[in-house]
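Ready for a few exercises on a two-chain model? Have the sequence and the 3D view at hand, try each task yourself, and then compare your route with the worked solution.

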Amino acid sequence: MGLQMLKKWLIGAGKMKVKVGVLALQGGVTEHLNHLNQIENVQVAPVKKPEQLNDCNGLIIPGGESTTMRKLIKHYNFTEAIKAFDQQQKVIWGSCAGLILLAAEIEGENNEQLALLNIKVKRNAFGSQLDSFIDKAVIPKVSDSVQELVFIRAPLITEVGQDIDILYQKEGQIAAVENKNIIATAFHPELTKSTIFHQYFVEKVKSLSN
Amino acid sequence: MSEKYRLNKNLAQMLKGGVIMDVTTAEEAKIAEEAGAVAVMALEKVPADIRKDGGIARMSDPKMIKKIVATVSIPVMAKVRIGHFVEAQILESLKIDYIDESEVLTPADEAFHIDKRKFEIPFVCGATNLGEALRRIGEGAAMIRTKGEAGTGNVVEAVRHMRKINSQINNLTTLGSEELMTAAKEMQAPFELVEYIAEHGKLPVVNFAAGGIATPADAALMMQLGCDGVFVGSGIFRSGNPAKRAAAIVRATTHYQDPQIIAEVSEDLGKAMSGIDINGLTDAEKMADRGW
């Protein structure tokens, strides 16, 4: 116990690195790795095998094709490993496809999910690639500065459970949420120049690392 | 750079590490999606059959494309003939996700490609070398692929194109700034893009492998050569067991650096597409030479 408290203090004081994995089965992996690499005291690793999660403090499930990633997650036994990761109160962030994979329910589908986040989502909520767009907004809990929100064939959150905090919504359309240890965004902070969202995630990782 | 172009390049980034599969029916599209494809390419005939049947190869029937769009949730791409901007206008109006201005179809223009900057929809184009890739990007392509020699089941041309592009990129990074204009002249490529390559050592857009990829090992080979993902055309639905081969190629693309996994997925795939010897093709039969 003494050792764990020491480790927690060291991480909190910025004297010890936290390790963040990016699920590297398909999608925008390098974009997240590049953003994380710009943050001090973060060690990053592309995660291709479930056992690599053992020494990670945080995990990002990137954007990409959720149907593709879902199949690879199942085939390569990531389902139980990511569920265990969540049970240890380690921090997970899903962007776009990652959000879909974390959701408890997907409108019109009943495929097997990780189902770690008490939300309902609608895939391709805006339409085809011609309907992709960039918005600008302040997300108060994350930062006071205006952030670019990049929506690409993006999903939307249509219902949230009681334990969910809404980080960002516009005209009733929910695009970012969190609970105690999970963040989910329908947009892609990794496709902007800003690392604000990644810093927010890393702070959450640090606050829960023990 | 326009916001739309940025978003279009971004969509290609989300396809990285994935496999885009040629499909000719909604049923094939469903099989591809089930196998883990990141996108499907809707076309009337796969390149192997275009070669066999001869004649003029054109954009597919919009009805078939619409049916595929309605069937799958993953992005849908479709091909237009080189220079055929009206076929592109039609596909844009169908609200598919990506257009491939492709040498696999019979070119509609002997001198000019489509001015892709006039469109909101993203384009992918083939390239056999860096100059060609940069000309297409200059015209507005948001994604590049090697041309390979489609419909042959022979990966040698895709390898040649990828190695050529890699070595030309490496070469540019060694040049002094005063040498870049001459390099641009020799490659027949836009100067600003040559400067970009010299500074960053990589293309400003995602680059996939295409043309002749028939096995999980072929896909992993192209990934290890530095491609961001792969297109598989005739290789899947002209093989003995399409669903199994498709899933195997998806897994090999994810784990392209893991020979054990590639070995595992390569077992019992049935017959690969038979293939064609490229040396036996006449110049007129070579699709990779189409495009300017």
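**Exercise 1. A network of charges in chain A**

Task: Work out which residues are linked with Glu65(A) in a network of salt bridges, and where Glu65(A) and Arg123(A) sit.

Solution. Keep in mind throughout that this is a predicted model.

Step 1. Glu65(A), Arg70(A), Glu109(A) and Arg123(A) make up the network.

Step 2. Take one pair from it: the side chains of Glu65(A) and Arg123(A) form a salt bridge, with 3.8 Å from N to O. That passes the cut-off, which asks for a side-chain nitrogen of Lys or Arg within 4 Å of a carboxyl oxygen of Asp or Glu.

Step 3. Now place the partners. Glu65(A) belongs to the loop between strand 3 (58-61) and helix 3 (66-75) of chain A, and Arg123(A) to the loop between strand 6 (117-122) and strand 7 (133-138) of chain A, so their pairing ties together parts that are 58 residues apart in sequence.

Step 4. Finally, check exposure: both Glu65(A) and Arg123(A) are buried.

**Exercise 2. A bridge between chains**

Task: Explain why the salt bridge of Asp131(A) and Lys95(B) joins two chains, and decide whether its partners are buried, partly exposed or exposed.

Solution.

Step 1. The side chains of Asp131(A) and Lys95(B) meet at 3.1 Å, N to O.

Step 2. Asp131(A) is in the loop between strand 6 and strand 7 of chain A, while Lys95(B) is in the loop between helix 5 and strand 4 (98-102) of chain B, so the bridge joins two chains.

Step 3. For exposure, recall that buried means under 20% relative accessible area and exposed means over 50%. Asp131(A) has 26% and is therefore partly exposed. Lys95(B), with 38%, is partly exposed too.

Step 4. Look at the backbone of Lys95(B) as well: its phi is near 60 degrees, a positive value in a residue other than glycine.

**Exercise 3. Another positive phi**

Task: Find where Ala115(A) lies and state how accessible it is.

Solution.

Step 1. Ala115(A) is not a glycine, yet its phi is positive, at about 50 degrees.

Step 2. Ala115(A) lies in the loop between strand 5 (103-106) and strand 6 of chain A.

Step 3. The relative accessible area of Ala115(A) is 41%, which means that it counts as partly exposed.

**Exercise 4. A pocket lined by both chains**

Task: Describe the volume and lining of the second largest pocket.

Solution.

Step 1. The space in this pocket comes to about 230 Å³.

Step 2. From chain A, the lining takes in Arg123(A), Asn124(A), Gly127(A), Ser128(A) and Arg153(A). From chain B come Val69(B), Val72(B), Ser73(B), Ile74(B), Val76(B), Lys95(B) and Asp97(B).

Step 3. Sorted by class, the lining holds 4 nonpolar, 4 polar and 4 charged residues.

Step 4. Connect this with the earlier exercises: Arg123(A) of the salt-bridge network and Lys95(B) of the bridge between chains both appear in this lining.

**Exercise 5. Enclosed spaces**

Task: How many cavities of 30 Å³ or more does the whole structure hold, and what lines the largest cavity and the second largest cavity?

Solution.

Step 1. A search of the whole structure gives 3 such cavities.

Step 2. The largest cavity has a volume of about 190 Å³. It is lined by 23 residues, of which Asp22(B), Pro47(B), Ala150(B), Gly211(B) and Gly233(B) are the closest to its centre. Strand 8 (230-232) and helix 11 (234-237) of chain B each contribute at least two lining residues. By class, this lining has 9 nonpolar, 8 polar and 6 charged residues.

Step 3. The second largest cavity has a volume of about 140 Å³. Among its 15 lining residues, Gly64(A), Glu65(A), Cys96(A), Asn124(A) and Arg153(A) are the closest to the centre. Helix 5 (97-102) of chain A and helix 1 (3-14) of chain B each supply at least two residues here. This lining divides into 7 nonpolar, 5 polar and 3 charged residues.

**Exercise 6. A nonpolar patch**

Task: Identify which residues form a nonpolar patch with Phe85(B), and place Phe85(B) in its element.

Solution.

Step 1. Phe85(B), Val86(B) and Ile90(B) form the patch on the surface, with about 240 Å² of accessible area together.

Step 2. Phe85(B) is part of helix 5 (residues 85-93) of chain B.

Step 3. With a relative accessible area of 46%, Phe85(B) is partly exposed.

How values were computed:
Residues are numbered from 1 along each chain as its sequence is written. Chains are lettered from A and ligands numbered from 1 in the order in which they are written. This is a predicted model: local features need pLDDT of at least 70, side-chain atom pairs count only at pLDDT 80 or more; totals for chains, interfaces and linings use all residues. Side-chain values use heavy atoms; hydrogens and water are left out. On a 1 Å grid over the protein atoms alone, a cavity is a set of points where a 1.4 Å probe fits but cannot get out, and a pocket is an open set with protein on both sides within 12 Å along at least five of seven lines; lining residues have an atom within 4 Å of a point. Grid points are joined across faces, edges and corners, and a volume is the space filled by probe spheres set on the points. Ala, Val, Leu, Ile, Met, Phe, Trp, Tyr, Cys and Pro count as nonpolar, Asp, Glu, Lys and Arg as charged, and the others, Gly among them, as polar. Patches are made of residues with over 30% relative accessible area and no salt bridge: like charges are joined within 9 Å, nonpolar side chains (Val, Leu, Ile, Met, Phe, Trp, Tyr) within 5 Å. Accessible areas come from the Shrake-Rupley method with a 1.4 Å probe; for residues, only the protein chains shown count as cover. Helices (H or I, at least four residues) and strands (E, at least two) are DSSP runs, numbered from the N terminus. Buried means under 20% relative accessible area, exposed over 50%, partly exposed in between (1.4 Å probe, protein chains only).
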